[in-house]
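Me: I would like a close look at a single part of this structure, with a careful account of what lies around that part. Please take it step by step, since I am new to reading models like this one.

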Amino acid sequence: MITEAVEERETYLNASYGIKSWLLTKDHKRIALLYLHTITFFFFLGGIFATLIRLELLTPKGDLVSADTYAKLFTLHGVIMIFFFLIPSIPATLGNFFLPMMIGAKDLAFPRINLLSWYLLVIGGCFAMYAMLAGGVDTGWTFYVPYSTNYSNTYVIATGIGIFIAGFSSILTGLNFIVTVHRMRAPGMTWFRLPLFVWSNYATALIQVLGTPVIAITLVLLIGERTLHIGIFDPARGGDPVLFQHLFWFYSHPAVYIMVLPAMGVISELVSVFSKKAVFGYKVVAFSSVAIAVLGFLVWGHHMFVSGQSVYAGLAFSFLSYFVAIPSAIKVFNWTATLHRGSISFATPMLYAFGFIGLFTVGGLTGLFVACLGVDVHVHDTYFVIAHFHYIMVGGTLMAYLGGLHYWWPKMSGRMYPEGWAKLSALVIYLGFNLTFFPQFILGYLGMPRRYWTYPDEFQVLHVMSTAGASVLAVGYLMPLIYFMWSLRYGPIAGPNPWGATGLEWRTASPPPAHNFEETPIVTTEAYDYAALAAMEEAKVG
Amino acid sequence: MQEHADSIKTYTLVFLSLLLLTGATTVVATIDLGAFNVVMALLIAVVKMMLVALFFMHLRHSTILTKVVVGGGMLWLGILLLLSLSDFVTRGWLPVPGK
Amino acid sequence: MDSHTETAELREQFETPGQQKEVSTLGMWIFLVTEVMFFGGLFLAYAIYRREFASAFAVASNTLDVVVGAVNTAVLLCSSFTMVLAVRAAQIGSRKALIWFLILTIVLGGVFLGVKAYEWNLKFEEHHVPGPSFHLEGTGEQGPAQLFFSLYFTMTGLHALHMIVGEGLMLFLLWQAYAGKYTPRYYTPVDIGGLYWHFVDIVWIFLFPLLYLIARHQH
């Protein structure tokens, strides 16, 4: 019987049983699965809010919900998707599971802090859920003052506390990754032999550590202003509301790179495996990851062009914003060059990689539109911006996350997902995504403001298209949920390296043993050395 | 790793210097140096910080990586302060209403 | 097989105790960098508003007692001195010295907090707490003056919170030291506890001149 063959070998899944062995685990692989469950829950919760938003926008009148309720819908959609899904997603699931394995380590540097990070995300999520169930929050995920401090009658503080706690989850994960990559690499695993997925997560970790504390203090000040009226953002006392925006965006801009850098890391892996070629320009791609992390901290004012910040600051931020696009573009060029004359396989992960490259490019190019101060004055706070960031976050990050999930699923579970259904879902998601979000570029440019729940009749056609796309997208996202769960029981057993990939995680069993490797690996080959892999396989057989 | 312990003498000298500098900054504050007062205060504070970091926190015996981490932290604080201040300091410089 | 039985000195995921110590130290330094950025937001607010409301800030700052502030600064510096001597004691294996220096550090930290509580209480009595009952003599800009005190209370309050956490850490170290857990081969918690303590001291090294020493020449 199929299940017997898997059960007899000891893996991280059957090394111990019972709920305590999961809730008190120190194993980075188990913690990754704990996170997987949590963020999947938050993804679908955030999706419910998106569904309600799109349903309301089917008609020009505000007929499904009230204006106040609509404000709560888009706020909770943003808060949940950003802080409780996107920010943790790839690093806390795929990063947690595979970063130690990729560098040949037994675990992260601080396993108990890793577990603490998960608990912090859950506790933060509880605060956010409490706010949601008790009546919601309506300030937008950006919490601009003075509305959030002086006028909103919703659960701003509870939400703020939830985000504060989740922020520490993120900080500790970043801290753990940085120390691990610096000090826990196996013998022979030099920096320039690391998989690019590790470089991406390392760069992401830098952002998490340097940026997140600033939103933490911002939330403290927000709560202080709201409860004690400390006056720090209050013009009546001499305070400046724009200070809030500087503090908020100092983190929240780099945060988008927390969300996209790990995704880029996944794409580097996928593009290489499924063209059987080393990533073109390895060092350039590696340095680009760090460059994105650094430059990403210098551009936050591009969210504030119309806020009242000085024109000179606006000019500086606009100018700098063009630079941050360069390393991202370099990566796209390098991935494309990797494909050139490669032996391309169209397995599901590769379909997601193709989707990423195209959609991220659209998102990235439209980023240049909004980086231009003059253009942004026209499109700021319109659906153009919404389309831009959803192309990156959903067309980019979410696609990469799904691609990575499919790619590493056999390693994590020991089972293959059904390829036919997976390909179909990828297609459904791709089509649904474009139908949902492309019309929003047009809507925005024509003047449809964001966060509005009514609109002029002439916008209805585009909104209907967008909502139709959203329903297709919803189906597309439900399909993997179903077939991944199906595969755990009925999927074909996977071997150690079903894709023929390089990388240390493929040199151990699927699922891996609790200690990752039987013996600490000694690395002698460069990253993505398919010739060496082939030679190694031949030596084993012969 | 810092395996060799500094001497009690070294620590005492650093401690006394810190006390001296605290006195100095208090006294300097009573002298009118105009805009230079804040510069002096910050300068003395930075010197005190360096003494605590290098000697009490053993930074001078630490790895290069540790020093890079500390330097990076200072640099990032600098980015936060300077780039934000660039907005407030340049307001009203251009004859554009409200900016 | 590479796995070994786990001890405090050599946890499962590490190859050598040396690696573990390096990793723990690096981890603490990175955590301190996050604290720099955390306090950094407050220093930014301070810089912006002091620049804009220089005279109101000066008047407000002058109501703080310089002598008390300076003495308290000395107390905290002293506690850093005793802390580094505690680490040194652990390093050379003097359990008794380690215990005594930790106790001194805790006491000095307690003195600092006590003095701060006294100062805060003074502010409450003088109606210098931002809110409806606020009034500061010597300036027409009551709003900005309240901003100074908002920053004063927030910054010293956050600092005091970190001190309290530090006291807790020190008490933990004292308990472990008393139980003989620290040897010259393994004293990492004392070392990184010291790093945290010194960092909180450094924050105060900046808070003192910035809050207490604005335009003190106007007497």
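Reply: A residue is called buried here if 20 or more other C-beta atoms lie within 10 Å of its own. The model is a predicted one, and the part to follow through it is helix 12 of chain A, which runs over residues 311–339.

A helix of this kind can be checked for length, because the 29 residues of helix 12 of chain A should span 42 Å at 1.5 Å a residue, and its end C-alpha atoms are 43 Å apart, which agrees. Just after this helix, Arg341(A) takes a positive phi of about 60 degrees. Within helix 12 of chain A, the buried residues include Ala313(A), Gly314(A), Phe317(A), Ser318(A) and Ser321(A), and, further along, Val324(A), Pro327(A), Ser328(A), Lys331(A), Trp335(A) and Thr338(A). When reading such a list, it helps to recall that an α-helix has 3.6 residues a turn, so residues three or four places apart point the same way.

The buried residues of helix 12 of chain A pack against helix 10, helix 11, helix 13 and helix 14 of chain A, and also against helix 3 of chain B. That last partner leads to the contact between the two chains, in which 15 residues of chain A meet 15 residues of chain B. On the chain A side, helix 9, helix 10 and helix 12 are the elements that give two or more residues, and helix 12 gives the most, with four residues. This side of chain A is made up of nine nonpolar and six polar residues, with no charged ones.

From helix 3 of chain B the path continues to chain C, since this helix also provides the largest share, 13 residues, of the side of chain B that touches chain C. The contact between these two chains takes 34 residues from chain B and 36 residues from chain C. Alongside helix 3 (64–89), helix 1 (8–29) and helix 2 (36–56) of chain B each give two or more residues to that side, which divides into 24 nonpolar, eight polar and two charged residues.

Helix 1 and helix 2 of chain B also pack against each other, with their axes 10 Å apart and at an angle of about 170 degrees. Because angles over 145 degrees count as roughly antiparallel, these two helices of chain B are therefore described as roughly antiparallel to each other. Among the residues that make this contact are Val14(B), Leu18(B) and Leu21(B) of helix 1 and Ile44(B), Val47(B) and Leu51(B) of helix 2, and the contact as a whole divides into 14 nonpolar, four polar and one charged residue. The domain assignment divides chain B into domain 1 (1–62) and domain 2 (63–99), whose C-alpha centres lie 24 Å apart.

Chain C, at the far end of this path, has six helices and zero strands. Its C-alpha trace spans about 75 × 35 × 30 Å along its principal axes, and buried residues make up 52% of its 219 residues. Among the contacts in chain C between residues at least 6 apart in sequence, 75% join residues at least 24 apart.

Notes
Residues numbered from 1 in each chain as written. Chains lettered and ligands numbered in written order. Predicted model: local features only at pLDDT ≥ 70, side-chain atom pairs only at ≥ 80, totals over all residues. Contact = placed C-beta atoms within 7 Å. Nonpolar A, V, L, I, M, F, W, Y, C, P; charged D, E, K, R; others polar. Domains from an automatic or database assignment. Axes fitted to C-alpha atoms, helices over the stretch in contact; angles between N-to-C directions. Parallel < 35°, antiparallel > 145°, perpendicular 65-115°, else oblique. Buried ≥ 20, exposed ≤ 12 C-beta atoms within 10 Å, placed from the backbone. Expected span 1.5 Å × (residues − 1).
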